[in-house]
Amino acid sequence: MTTAAVTPLPGTPAGRSRVHPSHAAMTQLLDTSPMHPFHYRLWALSTGGTLLSGVSMFLLGAALPLLAPAFDLKAYQLGLIGALLMVGTVVGGMLGGHLADRFGRKPIMLLDMLLLVAAAVGSAFAEHWDLLLVMQLLVGVGIGMDYPVGSSYLAEYMPQGRRGHMLAASISIQSAGMLVAGGFALALLAQAHSGDATWRWLFASEALLALPYLVIRLRLPESVRWYISRGRNADAARVLAKLFPEQAHALQEHAQRLGSHIHNVSKLTTHQHGDLRALFTPAYRRRTLLVTLPWFFMDIATYGVGLFTVVLLASLHPVAATVSLIGHDLLATRNSIQVDIFLLLGSLASIWAVPRFGRIHMQLTGFVGMALGMGLLVISTLGHASTPDYALLIFLGFVLYNLFMTVGPNATTFILPTEMYPTQVRATGAGFAAASSKVGATLGVFLLPVLKNSLGVTATLAFIVLVSLLGLISTWAFRVRGRGRTLEQHHRGDLP
């Protein structure tokens, strides 16, 4: 009787079994794999949080002017709705990352989409302002939960040479989501009449976009790296065997040799999953500062500008007082879409630029461009609307800001947390970073309207210049260079 030869896995010698087998065979299989259709399928299904982040931000911005007469809301109440959406993302980021490290990536990716669908439907049917506040808070929780889970899941599956491209492509979906939401908003506002329920349909469209993610994610496999970090090597081998059927027999033998051995390459002595304290140990404290402070400063500017682009454009380029509320909102939404197109262009450029020039380099470059873009808008406010260069400065300022923000910090702040932490606390670290950023987003959403009303548009834009420069300084101060390394190599002792 003859036995078929088994092709050895990468990093696994043929012939005699090792007494202490390594998990490198499994991780190298993931890292060195060419891109297959399942990689693109996993990518598409991991983008739910980023897509719906852009959708929810844009649709709420379009709905805010309609909510004021519908519920007889004051300015501070409108600001509170946007702020609670951001507060929800803070809670969701912390909760989702911790749960994903404890219980796995897939269950939380299903839970957050279920929450999003329910909260979006609840927002659409809200009869009172306080219920709408609660529903928008829950929308934020769902989005915040998906950010660290989706990015960690994606990073753990992508080949090492394509990880940066695919993660940058993932966050670019946020910009695509804003344009998709803009299309929904234009179609609905074009048919709207004063006092109707158009704002309800704006919120309902979020549920329509979230529902397919919930259904199709049911077929996703669990993360292989999460399995081996828990010592569930047989489960990891079964998933890999479906992805690489030619290695099925070798994977089964390798899993038997590993038994329940836990994969741990971190600088920590603990195997505890989701331990927030690990982020502040001497080995990871610098990395935590790198992934939290720049993202915090970026989101103060980005979410404030993004949610209130409609308001800022209207302030910089006023329309006739005789235009109706619906007409004003429709015109402002069109103006917002025109400048938001450059968010998508910058995001697409980041897919090429971030892997080519490195995370830190592009983050520094992006913050410089953000400051310059807002600087042009500051200059525009010092002139007069009748001057020839007024509209050009407004347009160039928003274009420059959106391009550099998305080609740099918007992509890199999303990517870096997935690489700076080991599997045991990867989603926790990414969740803490995302939560920290959304604290900044909450401040931006709440403070920018207050600054605009009390100090004027010029001071508001100058404030955004300042926080952009603070993002630049914090990136330089806490930079960590690990370009070209696998997720495991990022935790070697020579960094930095």
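**Side-chain contacts and aromatic pairs in a predicted model**

Let me begin with a single contact, in which the side chain of Thr-475 reaches the backbone oxygen of Gly-471 at a distance of 2.8 Å. Please keep in mind throughout that what we are looking at is a predicted model. Thr-475 has its place in helix α19, which covers residues 457-477, and with a relative accessible area of 0% this threonine is buried. Its side chain also takes part in a polar contact of 2.8 Å with the side chain of Gln-363, while the contact I opened with goes to the backbone of Gly-471.

A contact between a side chain and a backbone oxygen also turns up at Gln-424, where a polar atom of the side chain lies 2.8 Å from the backbone oxygen of His-263. Gln-424 is placed in the loop between α17 and α18, and despite that loop position it is buried, its relative accessible area being 4%.

Let me turn now to the aromatic rings. How many aromatic pairs does a search of the whole structure find? The search returns 11 of them. One of these is formed by Tyr-147 and Phe-414, whose ring centres are 5.8 Å apart and whose planes stand at 85 degrees; because planes over 60 degrees apart count as edge-to-face, this pair is given that label. Where in the chain do Tyr-147 and Phe-414 come from? Tyr-147 belongs to helix α6, residues 129-157, and Phe-414 to helix α17, residues 409-420, so that the pair links distant parts of the chain, with the two positions 267 residues apart. Are the two partners buried or exposed? Tyr-147 counts as buried at 5% relative accessibility, and Phe-414 is likewise buried, with a relative accessible area of 4%.

For a second pair, consider Trp-226 and Tyr-227, which are tilted with respect to each other, at 5.9 Å from centre to centre and with 50 degrees between the planes. Trp-226 counts as buried at 4% relative accessibility, and Tyr-227 also counts as buried, at 13%. Beyond these pairs, Phe-71, Trp-199 and Phe-203 come together in one aromatic cluster.

The ring of Tyr-147 deserves a second look, for the charged end of Lys-438 sits over it, 4.7 Å from the ring centre. A comparable arrangement involves Trp-476, where the charged end of Arg-479 sits over the ring at 3.7 Å from its centre.

Moving to the surface, there is a nonpolar patch of about 360 Å², made by Val-439, Leu-443, Phe-446, Leu-447 and Val-450. Of these residues I will single out Phe-446, which has its place in helix α18, residues 426-455, and which counts as partly exposed at 36% relative accessibility.

My last stop is Arg-219, in the loop between α8, residues 198-216, and α9, residues 224-229. Is Arg-219 buried or exposed? With a relative accessible area of 76%, this arginine is exposed. Its C-alpha atom is separated by 9.5 Å from that of Lys-106, although the two residues are 113 apart along the chain.

Technical notes:
Residues numbered from 1 in each chain as written. Predicted model: local features only at pLDDT ≥ 70, side-chain atom pairs only at ≥ 80, totals over all residues. Heavy atoms only, no water. Phe/Tyr/Trp six-rings, centres within 6.5 Å; stacked < 30°, edge-to-face > 60°. Buried < 20%, exposed > 50% of the residue type's maximum accessible area, 1.4 Å probe, protein only. Lys NZ or Arg CZ within 6 Å of the ring centre and 35° of its normal. Patch = residues over 30% accessible without salt bridge, like charges linked within 9 Å, V, L, I, M, F, W, Y side chains within 5 Å. Areas by Shrake-Rupley, 256 points an atom, 1.4 Å probe, with all protein chains shown as cover. Salt bridge = Lys/Arg side-chain N within 4 Å of Asp/Glu carboxyl O. Polar contact = N/O pair within 3.5 Å; in protein donor to acceptor, adjacent residues only side chain to side chain.
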